[in-house]
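User: I'd like a close look at a single part of this one, please: the pockets and whatever surrounds them. Take your time and walk me through it in one go.

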Amino acid sequence: MSDQSWPLWEVFIRTRNGLAHRHVGSVHAVDATMALHAARDTYTRRGEGLSVWVVPSASITASDPADKDMMFEPTASKIYRHPTFYEIPDEVGHM
Amino acid sequence: MYTQALNTQDSAPAAKSDPQADARFQARVDAEEKIEPNDAMPEAYRRTLTRQIAQHAHSEIVGMLPEGNWITRAPSLKRKAALLAKVQDEGGHGAYLYAAAETLGTSREQMEEQLLSGAAKYSSIFNYPTLTWADIGIVGWLVDGAAIMNQIPLCRCSYGPYARAMVRICKEESFHQRQGYEIMIALCKGTPAQKQMAQEALNRWWWPVLMMFGPPDKDSLHTESAMRWKIKRFTNDELRQKFIDATVPQGQFLDLTFPDPALKFDAGTQHWNYGDIDWTEFKRVVAGDGPCNRQRMKQMRAKHADNAWVREAANAYARKRQQRAAAMPIAAE
C-alpha cells in the first residue's frame, strides 16, 4: 500500500535520571531524526522520558531462543559465584 | 470486543502441526511463560494472534473517526484539548498494536492494505454515528469502559509483545473513560435538554456497546483455543456480565435509564440480569451493513490517498539527505 516500506527502529527510553534506557517498543521512520520524533510522539505523551534512543532494528543481533541452554545453562552449576556459597560464622555478623 | 469479528471460520488451509512441538508449546503456556517473537509457536497460534492484534489495531485507528468528528465542535477549550489528546492516544494505541503484530511476521503495510481492501475487520462499535456531543461522553464512558474490561485481562496474554502493549494502553485508557463520564455528569446535571440528550445517547449506544464483547459463548467459535492458549482469560459472556455489573450503578448515579426493561438485579447471584441482545443486528454490522460502515471505509481510503504525498515526501527527504551525506567527503577534498 505504501509504495516503500519505512525501516523499523527500536525505541529505548530513560524514564528517570540515574536509570538505564529501557526498551519500550518500535516505530517506522525513513531516517534517524524522524524516528526520534516519532518515538517522542508515540511513547512519551505523558512525560515518560528524559532521553530517547532509536536504533535500527536490523542492527540488533539477538541470541537464538533455541540456543538458550547452550548460552546460559553453564552458569547454573557455578554456585561459587554467589555470596551464599561461602560460610561465615554467625558471630562475625553481617558481611 | 475490538476483535469480535474473529468469530468466523479461518479459511486458510490447516497448517501442518507437529504434535510434539505443540505439546512443548502448550506446556510453556500452561506454566504461564510468556511467548516471545522468535520462540517456536504453532502456526494456528501465530495466525490467530496476528488477526486479533491487527483487528485491535484497526479498531483503534478507525475509532479516531467518530470522535474526531467532534473536535472542531467541542463545547469548550478544556473539552477540546481533552478530546484531541484522547484521539491522539487512539492513534498511539494503533501504533503500539501494529508494532506488536509485526513481530509475528506480517508487515504494517500488509495489515493496512487488508483494512483498506475490506479483508480485515475492526470493531462493530465504530460503525455507529456520533450524532450529538453526548455521544462523545458515551463513547468515553461506555465504549472505552467496555474496552478496558476486555483489555485488562489481555495484559496477561501469553504473547509478550501484545501483553506489554496492553499494559501501556490500559494506563492511558483510564483517562479516556473518566473524561467521558465527566461529560455525562455535566450533561446530566445541566438543563433538561442536556439531560435528555444524555439519555438519548445512552438509548442509542447501550445495545451496540454490549455487542462489543462478541457473540454469546455458545456461538463463539474460537473461545476454546483462545482460552487454552491463554490469549483470552475470560469468555465473552463473562466479560459482558462484569461490564454490566460495573456500569449499571454508574448509570444510576447519573439518574439515567438503561433501555432494557429486563435489566434487574439478582440478589442471589449478585449480578444484573439483562434482556436479549439482537444478534442479527450485530451480524449485519460486522458483515458491513451498519449505519456508517461505508462512510468509515470511504474516510479511511481517502485519508490514505490524501496522505500519500507525506509518505513520498519523507522518502524523498531521506534519499536527499543520504545523497548529501555521501557527497560530503568528496566536496571536502
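Analyst: First, a bit of vocabulary: helices here are DSSP runs of H or I with at least four residues, strands are runs of E with at least two, and both are numbered from the N terminus. Keep in mind that this is a predicted model.

Let's start with the second largest pocket, which has a volume of about 1200 Å³. It has 37 lining residues, and those nearest its centre are A:Trp6, B:Gly91, B:Ala95, B:Arg108 and B:Glu112. Chain A gives two or more lining residues from each of strand 2 and helix 1 (32-43), while chain B does so from helix 3 (64-68), helix 4, helix 5 (108-117), helix 12 (293-306) and helix 13 (308-332). Helix 4 of chain B has the largest share, with eight residues. Sorted by class, this lining holds 17 nonpolar, 12 polar and eight charged residues.

Now for the largest pocket, with about 1500 Å³ of space. Its lining runs to 45 residues; A:Glu10, A:His23, A:Val24, A:Gly25 and B:Arg164 sit nearest the centre. Two or more lining residues come from each of strand 1 (8-14), strand 2 (22-28) and helix 2 (68-72) in chain A, and from helix 4 (77-102) and helix 7 (160-188) in chain B. Here helix 7 of chain B gives the largest share, seven residues. The class split for this lining is 19 nonpolar, 10 polar and 16 charged.

Helix 7 of chain B is worth following a little further. Helix 7 packs with helix 8 of chain B (residues 192-211) at an angle of about 135 degrees, their axes 7 Å apart. That angle makes helix 7 of chain B oblique to helix 8 of chain B, because roughly antiparallel would take an angle over 145 degrees. At the contact, B:Met184, B:Leu187 and B:Cys188 from helix 7 meet B:Gln194, B:Lys195, B:Met197 and B:Ala198 from helix 8. By class, that's five nonpolar residues, one polar and one charged.

Zooming out to the chain these two helices belong to: chain B has 13 helices and two strands. Its radius of gyration is 22 Å, close to the 20 Å the globule rule gives for 333 residues, so chain B is as compact as a globular protein of that length. Along the principal axes, the C-alpha atoms of chain B fill a box of roughly 80 × 55 × 35 Å.

Technical notes:
Residues are numbered from 1 along each chain as its sequence is written. Chains are lettered from A and ligands numbered from 1 in the order in which they are written. This is a predicted model: local features need pLDDT of at least 70, side-chain atom pairs count only at pLDDT 80 or more; totals for chains, interfaces and linings use all residues. Side-chain values use heavy atoms; hydrogens and water are left out. On a 1 Å grid over the protein atoms alone, a cavity is a set of points where a 1.4 Å probe fits but cannot get out, and a pocket is an open set with protein on both sides within 12 Å along at least five of seven lines; lining residues have an atom within 4 Å of a point. Grid points are joined across faces, edges and corners, and a volume is the space filled by probe spheres set on the points. Ala, Val, Leu, Ile, Met, Phe, Trp, Tyr, Cys and Pro count as nonpolar, Asp, Glu, Lys and Arg as charged, and the others, Gly among them, as polar. Axes are lines fitted to C-alpha atoms, for helices over the stretch in contact, and angles run from 0 to 180 degrees between N-to-C directions. Angles under 35 degrees count as roughly parallel, over 145 as roughly antiparallel, 65 to 115 as roughly perpendicular and the rest as oblique. Contact means heavy atoms within 4.5 Å. The radius of gyration is taken over C-alpha atoms; the globule rule is 2.2 Å times the number of residues to the power 0.38.
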